[in-house]
Amino acid sequence: MSNQGVWYLDHLDVPWEQVYTAEPLAGIDDTAQQKLVLGGEVCMWGETADTSDVQQTIWPRAAAAAERMWSQLEAISAQDLETTVLARLHYFRCLLNHRGIAAAPVTNFYARRPPIGPGSCFVQ
């Protein structure tokens, strides 16, 4: 399953909140059919990225999709995304940066914009 409108990471103007709150089973109304869904995917097409910017284009939005895939709909809450999920994504981005993976700041509106000003990878 892949949500073309949200989980296609070449859509650079889709922020992490929309990736995270997208319902993987949307459009599948039959519960028997929903049980057949084994997983999901995020897609990255080459029209908007190449080897010089693919990492910052996909991370950390791919991490938001991954967490959403293993979280039940009831477990996510729009009112506490800023205090729960955002902190985890900031930390994950920092870990990626420390490991040499050029993950973009989590709160960018566009996927590849660099951090504004000096500071740790937690301050975005």
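Helices and strands here are runs assigned by DSSP and numbered from the N terminus, with at least four residues for a helix and at least two for a strand. With that in mind, let us take a friendly walk through this predicted model.

## The overall picture

Counting its elements, the protein has five helices and zero strands. Following the chain from start to end gives the pattern α-α-α-α-α. The chain has 124 residues, and 35% of them count as buried. About 7,400 Å² of the protein is accessible surface, and carbon and sulfur atoms account for 57% of that area.

How do the contacts spread along the sequence? Taking contacts between residues at least 6 apart in sequence, 68% join residues that are at least 24 apart.

## Helix H4 and its neighbours

A good place to look closely is helix H4, residues 61–69. Is H4 largely enclosed or not? Seven of its nine residues are buried, so the rest of the structure largely encloses H4. Those buried residues are Arg-61, Ala-62, Ala-63, Ala-64, Ala-65, Glu-67 and Arg-68. They pack against helix H1 (16–21), helix H3 (54–58) and H5.

The packing of H4 with H5 deserves its own look. Two packed helices are described by the angle between their axes and the distance between the axes. For H4 and helix H5 (residues 85–98), the angle is about 130° and the axes are 10 Å apart. An angle over 145 degrees would count as roughly antiparallel, and 65 to 115 degrees as roughly perpendicular. The two helices are therefore oblique to each other. The crossing of H4 past H5 is right-handed.

Which residues of H4 and H5 make the contact? On the H4 side they are Ala-63, Ala-64 and Glu-67, while H5 contributes Val-85, Arg-88, Leu-89 and Phe-92. By type, this group holds five nonpolar residues, no polar ones and two charged ones. A general point helps when you look at such a list: an α-helix has 3.6 residues a turn, so residues three or four places apart point the same way.

Just ahead of H4 there is something to spot. Pro-60 sits in the loop between H3 and H4. The peptide bond leading from Trp-59 to Pro-60 is cis, with omega near 10°. As a rule, most peptide bonds are trans.

## Meeting points along the chain

Now turn to some residues outside the helices. Trp-7 belongs to the segment before H1. Is Trp-7 buried or exposed? Its relative accessibility is 1%, so Trp-7 counts as buried.

Glu-41 is in the loop between helix H2 (31–34) and H3. With a relative accessible area of 45%, Glu-41 is partly exposed. Val-37 also lies in the loop between H2 and H3. Its relative accessibility is 28%, so Val-37 counts as partly exposed.

The table below lists pairs of residues, with their separation along the chain and the distance between their C-alpha atoms.

| Pair | Separation in sequence | C-alpha to C-alpha distance |
|---|---|---|
| Glu-41 and Trp-7 | 34 residues | 7.4 Å |
| Trp-7 and Met-44 | 37 residues | 8.8 Å |
| Val-37 and Leu-25 | 12 residues | 8.1 Å |

Trp-7 appears with Glu-41 in one row and with Met-44 in another. You can look for these pairs in the structure above, beginning with Trp-7 in the segment before H1.

Technical notes: Residues are numbered from 1 along each chain as its sequence is written. This is a predicted model: local features need pLDDT of at least 70, side-chain atom pairs count only at pLDDT 80 or more; totals for chains, interfaces and linings use all residues. Side-chain values use heavy atoms; hydrogens and water are left out. Axes are lines fitted to C-alpha atoms, for helices over the stretch in contact, and angles run from 0 to 180 degrees between N-to-C directions. Angles under 35 degrees count as roughly parallel, over 145 as roughly antiparallel, 65 to 115 as roughly perpendicular and the rest as oblique. A crossing is left-handed if the near helix is turned anticlockwise from the far one by less than a right angle, and right-handed if clockwise. Contact means heavy atoms within 4.5 Å. Ala, Val, Leu, Ile, Met, Phe, Trp, Tyr, Cys and Pro count as nonpolar, Asp, Glu, Lys and Arg as charged, and the others, Gly among them, as polar. Buried means under 20% relative accessible area, exposed over 50%, partly exposed in between (1.4 Å probe, protein chains only). Accessible areas come from the Shrake-Rupley method with a 1.4 Å probe; for residues, only the protein chains shown count as cover.
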